[in-house]
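Trainee: I am new to this structure and would like a close look at a single part of it. Could you take me through the interior with some care?

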Amino acid sequence: MRLSALAVLLSLFSGPALAQSPAPFTISETGRSFGNLAQAVDAIGDADGTILIAPGRYADCAVQTAGRVAFVAREPGTVTFDGGICEGKATLVLRGRAAHVEGLRFTRQNVPDGNGAGIRLERSNLSVVRSHFVDAQSGILSGDDPAATITIDRSTFSGLGKHPNGHGAHGIYIGQYGALKITASRFERGTGGHYVKSRAPRIEVLDSSFDDSHGRETNYLIDLPNGATGRIAGNSFVNGLGKENHTAMITIAPEGRINSSQGLIIEGNRAWTVPGYPWTTAFIGNWSGDEIIERGNVLAPRLTKVQRLSAHSPAQLIRSALALIRNRTQAWLTSHDA
């Protein structure tokens, strides 16, 4: 999406948040300022607009139903959205024509069903840059939009995944979108579920880090539950002692092959475990039956490169049936109105 020149030039992080101004949400294109985020989003309507956000800590939330909206910190790293929830879903509920998020911090997004998120994406393209998702149930949670793409760059996902009833949410959960691309981002200190779970048929994860050394009740670092093509390269992975599931670090089609994974490239990564790690773990667990390309990965002892697993074992058939139920439940939770 086209952003204002001012939004594109905002590239430096600054210090602690300052006091909020009386009208901290300003539409760059018109100069109009608003006292809360929802008013600014509504004022853009079905147009293209950039909301510049003054330094501060906010309990605001907003629902975007139209237009192309950029949510941009005036000074990246100085804006925190703390706990605000719209529609029982997220701080930002996005179902307009496109959205861009830059320089924002989201924290303490918790809801009763366990799927609270900084961003709930229901349709259209999304780009996220230099943003932080910390100590919540989920960072980004999406519905299905096969025609759209999601890109995440230079962002951090930390302390995510805890469900109040003990079920795991995920750092990032992407439904049946067209593609997901993650670059130069960090995932750490998970509290349940997977760090990245994506049902998109196309995946790129490049130059990022997955640090599970302080994780608890965590599962896979990258989960492609229905398979995917693309490239996972130049990343670092570490498994910690607090695993709920230590079978594999990266999984391909553990819930059944829907997308082709033929030719998926996993290369040039580094993977290791913390001292005292007791299990033998696969770097890649492949249930798809497709031939992937694994090359140039540097692995620590107790990690096997690729483990080919059967999609027809009794355990896998049960897992696939449970996954179908979870998928339908997740689709309903993502689309329903509170």
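Which residues have the most contacts inside the largest nonpolar core, and how many residues does that core have?

Mentor: Please keep in mind from the start that this is a predicted model. The largest nonpolar core has 66 residues, and those with the most contacts inside it are Ile-51, Phe-71, Ile-119, Leu-126 and Phe-237. The largest share of this core comes from helix α2, residues 37-44, which contributes four residues. To see the surroundings of one of these positions, take Ile-119: leaving aside its neighbours within four places in sequence, Ile-119 is in contact with Ala-90, Leu-92, Leu-94, Val-101, Phe-106, Leu-126, Val-128, Phe-133, Gly-139, Ile-140 and Leu-141. There is also a second, separate core of eight residues, and Cys-86, Ala-90, Val-93 and Leu-141 are among them.

As for the setting of these cores, the protein has three helices and 32 strands, and 58% of its 338 residues count as buried. Of the contacts between residues at least 6 apart in sequence, 72% join residues at least 24 apart. On the outside, the accessible surface comes to about 13,300 Å², with 54% of it belonging to carbon and sulfur atoms.

A word on confidence belongs here as well: the average pLDDT of the protein is 88, and 84% of the residues score at least 70, but over residues 1-20 the pLDDT is below 50, although this stretch has 46 contacts in the model beyond near neighbours in sequence. Where pLDDT is low, the predicted coordinates should not be read in detail.

Technical notes
Residues numbered from 1 in each chain as written. Predicted model: local features only at pLDDT ≥ 70, side-chain atom pairs only at ≥ 80, totals over all residues. Heavy atoms only, no water. pLDDT = per-residue confidence, 0-100. Contact = heavy atoms within 4.5 Å. Helix = DSSP H or I, 4+ residues; strand = E, 2+ residues; numbered from the N terminus. Buried < 20%, exposed > 50% of the residue type's maximum accessible area, 1.4 Å probe, protein only. Areas by Shrake-Rupley, 256 points an atom, 1.4 Å probe, with all protein chains shown as cover. Core = buried A, V, L, I, M, F, W, Y, C linked by side-chain atoms within 4.5 Å.
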